[in-house]
Amino acid sequence: MPEPGGAPGDPAVLMGFDFGTHRIGVAVGNTVTASASALCSVAAERRQQRFESIARLLAQWKPSRLVVGLPLSRDEGAEQDRSAQARRFANQLHGRFGLPVAMVDERYTSRAAEDEGADDVDAESARLILEQYLRDPAASRAP
């Protein structure tokens, strides 16, 4: 059965998220160029406001898949407390919006965004997360 957005291999828009308890970075990309752009950060403190902001972005960009960064420990790559929070967020996205969600290892994305001098580190981290997925979708994990 084809995934939303067309048959496998068809051009698709994807949206990436760097989940945080205060802010959620958002990026958009596509499978044609296998690249992404940082969009913005969404305030994460109030759940209703968070999902209303995300709903507006989804309506504007119409992605066929969502990608959420999975925080893993730096040394051994094990899951941690923040991993469970990111998985919960990924499941909420899927439940609210009905889009497929993938998760990718987000280690070092914030550091890379800071090193690049990003104005919005969270959105830039989301861009890096999404580009990692676009380079290697097989390395993703289920929420």
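This short presentation describes the fold of one chain and then two of its residues.

Good morning, colleagues. The structure before you is a predicted model, so let me begin with the confidence that the predictor attaches to it. The mean pLDDT of the chain is 86, and 93% of the residues reach 70 or more. Residues 1-8 call for caution, as pLDDT stays under 50 along that stretch. For these residues the model has seven contacts beyond four places in sequence. Where pLDDT is low, the predicted coordinates should not be read in detail.

I turn now to the overall architecture. The chain holds five strands and four helices. Read from the N terminus, the order of the elements is β-β-β-α-β-α-β-α-α.

What radius of gyration does the chain have, and what would a compact globule of 143 residues have? The chain has 14 Å, and this agrees with the value near 15 Å for such a globule. Along the principal axes, the C-alpha atoms fill a box of roughly 40 × 30 × 30 Å. Of the contacts with a separation of 6 or more, 61% join residues 24 or more positions apart.

Next, the interior and the surface. Buried residues account for 45% of the 143 in the chain. The exposed area is about 7,500 Å², of which carbon and sulfur atoms supply 47%. As for charge, the chain carries 17 positive and 20 negative charges, and the mean positions of the two sets lie 6 Å apart.

Allow me to look at two residues in detail, beginning with A12. This residue lies in the segment before β1, the strand that covers 13-18. Is A12 buried or exposed? Its relative accessible area is 16%, and because buried means under 20%, A12 counts as buried. Which residues does A12 touch, leaving aside its neighbours within four places in sequence? The contacts are G29, N30, T31 and S64. A12 can also be compared with V32: the two are 20 residues apart in sequence, while their C-alpha atoms are 7.3 Å apart in space.

The second residue is S83, which is found in helix α2, residues 81-97. S83 is buried as well, with a relative accessible area of 0%. Beyond its neighbours within four places in sequence, S83 is in contact with L70, P71 and L72.

To conclude, A12 in the segment before β1 and S83 in helix α2 are the two positions I would ask you to locate in the model. Thank you for your attention.

Technical notes:
Residues numbered from 1 in each chain as written. Predicted model: local features only at pLDDT ≥ 70, side-chain atom pairs only at ≥ 80, totals over all residues. Heavy atoms only, no water. Buried < 20%, exposed > 50% of the residue type's maximum accessible area, 1.4 Å probe, protein only. Contact = heavy atoms within 4.5 Å. Rg over C-alpha atoms; globule rule 2.2 N^0.38 Å. Areas by Shrake-Rupley, 256 points an atom, 1.4 Å probe, with all protein chains shown as cover. Lys, Arg positive; Asp, Glu negative; His and termini not counted. Charge placed at Lys NZ, Arg CZ, Asp CG, Glu CD. pLDDT = per-residue confidence, 0-100.
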